[in-house]
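This briefing concerns the fold, the packing and the pockets of one protein. Please consult the sequence and the model shown here while reading.

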Amino acid sequence: EAKVSFTDADEDAWYNTYLKKAVGAGIIKGYDDGRFGIGDDITRQDMVVMLNRTAEFAGIVFEVQSSEKFTDDSDISDYAKEAVYLFKEAGIVNGISADEFSPRENASRAQAAKVIFQLLNV
């Protein structure tokens with residue numbers, strides 16, 4: 001567990017134990033303004049970033065050989081590009097269409113379930 005000092009996280013809330021563990025494992029970092037984003041929806045790119053950090057924590061290593069870029073590559077935040085393309089190359093994540101990732105769109109429960117299942121079967 002790590003000390004959590006997110007400005008929007010309630011120390012007595014049900015999620016605080018899990019938040020501390022995820023921060024301690026390096027899976028989550030929060031926003032630059034000091035918030036975690038309690039109650040925020042999760043974008044597709046942030047889902048992939050957190051799952052990539054989870055894979056790293058578990059010792060799962062992906063190697064990108066070569067990968068075609070998504071047509072909306074410029075919409076993918078710099079901090080997320082490596083994770084998005086690692087997961088794309090590994091066959092864990094795909095786009096909304098054949099060539100569009102839609103990084104800032106919210107992830108659906110179905111998308112999250114698919115990506116988690118794919119990661120567990122690497």
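The points below are grouped by topic, from the overall fold to individual residues.

The model is predicted. The protein contains 4 helices and 0 strands, and the order of its elements along the sequence is α-α-α-α. Two pockets and two nonpolar cores are described, followed by a residue in a loop.

**Overall fold**

- The C-alpha trace extends over about 45 × 30 × 25 Å along the principal axes of the protein.
- The radius of gyration is 15 Å, which agrees with a compact globule, because a chain of 122 residues packed in that way would have a value near 14 Å.
- Of the 122 residues in the protein, 34% are buried.
- Among contacts with a separation of 6 or more, 62% join residues that lie 24 or more positions apart.

**Nonpolar cores**

- The largest nonpolar core comprises 20 residues, and V48 and F87 have the most contacts inside it.
- Helix 2, helix 3 (78–89) and helix 4 each contribute at least two residues to this core.
- Helix 3 provides the largest share of this core, namely 6 residues.
- A second core, separate from the one above, has 9 residues, including V4, A13, A22 and I27.
- Beyond the residues up to four places away in sequence, V48 touches A83, V84, F87, V93 and F101. F87 is thus listed both as a partner of V48 and, with V48, as a residue with the most contacts inside the largest core.

**Largest pocket**

- The volume of the largest pocket is about 840 Å³.
- Its lining consists of 24 residues, and those nearest the centre are I28, G30, F36, I42 and M50.
- Helix 1 (16–24) and helix 2 (44–57) are the elements that give two or more residues to this lining.
- The largest share of the lining, 4 residues, belongs to helix 2.
- Sorted by class, the lining of the largest pocket holds 14 nonpolar, 4 polar and 6 charged residues.

**Second largest pocket**

- The second largest pocket has a volume of about 290 Å³.
- A total of 13 residues line the second largest pocket, with I42, M47, M50, A112 and I116 nearest its centre.
- Two or more lining residues come from each of helix 2 and helix 4 (109–120).
- Helix 2 gives the most to the lining of the second largest pocket, with 4 residues.
- By class, this lining is made up of 8 nonpolar, 3 polar and 2 charged residues.
- I42 and M50 are among the residues nearest the centre of the largest pocket, and I42 and M50 are also among those nearest the centre of the second largest pocket.

**A residue in a loop**

- Where is S102 found? It lies in the loop between helix 3 and helix 4.
- Is S102 buried or exposed? S102 counts as buried because its relative accessibility is 8%, and the cut-off for a buried residue is under 20%.
- Apart from neighbours within four places in sequence, S102 is in contact with R44, D72 and I96.

Terms used:
Residues numbered from 1 in each chain as written. Predicted model: local features only at pLDDT ≥ 70, side-chain atom pairs only at ≥ 80, totals over all residues. Heavy atoms only, no water. 1 Å grid on protein atoms, 1.4 Å probe; cavity = no way out; pocket = protein on both sides within 12 Å on 5 of 7 lines; lining within 4 Å. Points joined across faces, edges and corners; volume = space filled by probe spheres on them. Nonpolar A, V, L, I, M, F, W, Y, C, P; charged D, E, K, R; others polar. Core = buried A, V, L, I, M, F, W, Y, C linked by side-chain atoms within 4.5 Å. Buried < 20%, exposed > 50% of the residue type's maximum accessible area, 1.4 Å probe, protein only. Contact = heavy atoms within 4.5 Å. Rg over C-alpha atoms; globule rule 2.2 N^0.38 Å.
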